[in-house]
Structures are given as C-alpha cells and as structure tokens.
Amino acid sequence: MLNGKFAFLGTGNMAGAIIKSMHGNYSPDKIVLFDKDTSKYDSYKDKPYILAKSAPEAVSLADYIFLSVKPQNFTELLTEIKESGVSLENKTFISIAAGITTDFVCEKLGQEVAVIRTMPNTPLLVGKGVTALSKNKNVNEKIFKNICAVFAASGTSFTLPEEKMNDIISVTSSSPAYVFLFIKSIYDAAVEMGFENKDLLEIICKMVIGSTELLLKTGKTPDELISMVKSPKGTTEQALNVFAENDFSEIVKKAMIKCSERAEELSKGM
C-alpha cells in the first residue's frame, strides 16, 4: 500500500471502477475527486470522498494523480495545472487515456515529473479488467509496483516498455469490442434461425466464457482445441471453411493494425 492521497481528475466509469477496487486498501478520505460535471459526484455520495473545487486544488491535495479525462481534454487539463503554479514536487501522475505519452504529460506540465501510463479495458468495470502499464524514468519503483497492484485488484495488470503501449491497445484494450461483435453476430444469426429464448444472449456469453476457461485451464493451444471440436467433414469444419474462405484471421489482423495506427495518430496529434 502507498501512503498519501489519490486524486482523480475526471470521475467517469473507468475512474469509478478503479476507485471501487481501492476500497479494501484505501479509505475514502484518502481519495480526492474533481470533475467539471458535478452531476458525476452523485454516484460517490455514499462515502466521504474529498471533493475538490478545481483540478489544481485536487493536485495540491494528492500525491498520486489519476488523469482520467478523455484524450482530447488533456491539453486543457494539463495547461490549467501548469498555469496554476501548484507544486508538482514528489507527485506521480497516472494516465488512463489512449495515445497519451509520458513525454506529452511532462511537456504540457512544463517540467519533468513522474508519469505512469496505463491502458485498461472496459471489463475493469466488473473486476475482470486487463491493464498494461509503463512508466518514465522519474517514477519510483515501489510506487510503480503499488499502482500496478491497484489495477490488478480489478483483474490483471502487466508491464510493458512505453514504445509498445500504442500497439497493446489493439490486443487488450479495444479487443473487447471485437468479442462483443462476435457474440452479437452469433446472437443475430441465432435469432434469424428462429431461436427466441429470452436467455439466448446469456447462453452465448456462457459458451464464450466456457471456451476461454477451457483454453486457459487445459494448457492446450487454440489450434489443438479447434481440432478437438472439429471432425473431418463434420459441421464445425463446414463453419470454419466459411471463416477461412472469407479471410477471418486476416480481417482480425487488419483491424488490429488499423487500431494501432490510430493510436499512433493520436499520440502525434496531441
């Protein structure tokens, strides 16, 4: 555990999931909240969080500052903090936004500060997230390990060199949308086939959960498990042939490349 206070600049869904994961280790009076949209505070009324009147005030009260606004709002936020003159000594900034580099944060704040860059995904909202983390040279190793633990409390966390952070978005952060699209496609096709079970979506989701558990627990490769399901000239083989004829794997790869390219564009366009 870390000593000191945490500030969240932006209190949307992802920030809320992180705050929830901290409850067992950090009391609400160690957490400072600031959001321009004060209606966001409604979901935090059940606990005595500290509410700041401005972003610079939140920074002044905390040691670890989560930058949890949208990427397009970073310049405005960081410029406001810089121009306020608030001391940034011994403070660590944690970004959860796509495409925001540690150098960008330091540049906009006008000085070299400790910055941890993270890339969580939406399953963090249900305690099953996967979060990649990297840091700049100014970050204390003990602090970094503890911030990794904060994210691990909502799923799994792992570390990467910063140069891989844009690419990992396509692998772990944007990828839940690919899974949701696949589930939706199975669901829509089943409905067209005449299935009307009110629990159909839940059944399909449990099929996906069971399939991933099988992959994780058996130690078998995806190819080995595909072979277990597929019989020569059987039903599964016919389905897989359609995927192959339409370059399913190539489509996924192209989508991931586009995702990574957009992350690079965001980094350069900030």
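## Exercises on helix packing and nonpolar cores

**Exercise 1.** In this predicted model, find which residues of α6 are buried, and decide whether the helix is mostly covered or mostly open.

*Solution.* Begin with the residues themselves: Met165, Asn166, Ile168, Ile169, Ser170, Thr172 and Ser173 of α6 are buried. Next, set this list against the length of the helix, which spans residues 165-173, and you find that seven of its nine residues are buried, so that α6 counts as mostly covered.

**Exercise 2.** Work out how the axes of α7 and α8 are oriented to each other, and which residues bring these helices together.

*Solution.* First locate the helices, α7 at residues 175-192 and α8 at residues 200-218, whose axes come within 10 Å and cross at roughly 135 degrees. Angles over 145 degrees would count as roughly antiparallel and those from 65 to 115 as roughly perpendicular, and α7 and α8 are therefore oblique to each other. The crossing in which α7 passes α8 is right-handed. Finally, look at the residues that meet: Ile183, Ile186, Tyr187, Ala190 and Val191 come from α7, while Leu200, Leu201, Ile204, Cys205, Met207 and Val208 come from α8. Sorted by class, this contact has eleven nonpolar residues and no polar or charged ones.

**Exercise 3.** Identify the residues with the most contacts inside the largest nonpolar core, and list partners of leucine 9.

*Solution.* The largest nonpolar core has 56 residues, and Phe8, Leu9 and Ile147 have the most contacts inside it. Setting aside neighbours within four places in sequence, leucine 9 is in contact with residues including Phe34, Ala55, Val59, Phe66, Ser68 and Ile81. A second, separate core has seven residues, among them Met119, Ile168, Ile169 and Ala263.

Methods: Residues are numbered from 1 along each chain as its sequence is written. This is a predicted model: local features need pLDDT of at least 70, side-chain atom pairs count only at pLDDT 80 or more; totals for chains, interfaces and linings use all residues. Side-chain values use heavy atoms; hydrogens and water are left out. Axes are lines fitted to C-alpha atoms, for helices over the stretch in contact, and angles run from 0 to 180 degrees between N-to-C directions. Helices (H or I, at least four residues) and strands (E, at least two) are DSSP runs, numbered from the N terminus. Angles under 35 degrees count as roughly parallel, over 145 as roughly antiparallel, 65 to 115 as roughly perpendicular and the rest as oblique. A crossing is left-handed if the near helix is turned anticlockwise from the far one by less than a right angle, and right-handed if clockwise. Contact means heavy atoms within 4.5 Å. Ala, Val, Leu, Ile, Met, Phe, Trp, Tyr, Cys and Pro count as nonpolar, Asp, Glu, Lys and Arg as charged, and the others, Gly among them, as polar. A nonpolar core is a set of buried Ala, Val, Leu, Ile, Met, Phe, Trp, Tyr and Cys residues joined through side-chain atoms within 4.5 Å. Buried means under 20% relative accessible area, exposed over 50%, partly exposed in between (1.4 Å probe, protein chains only).
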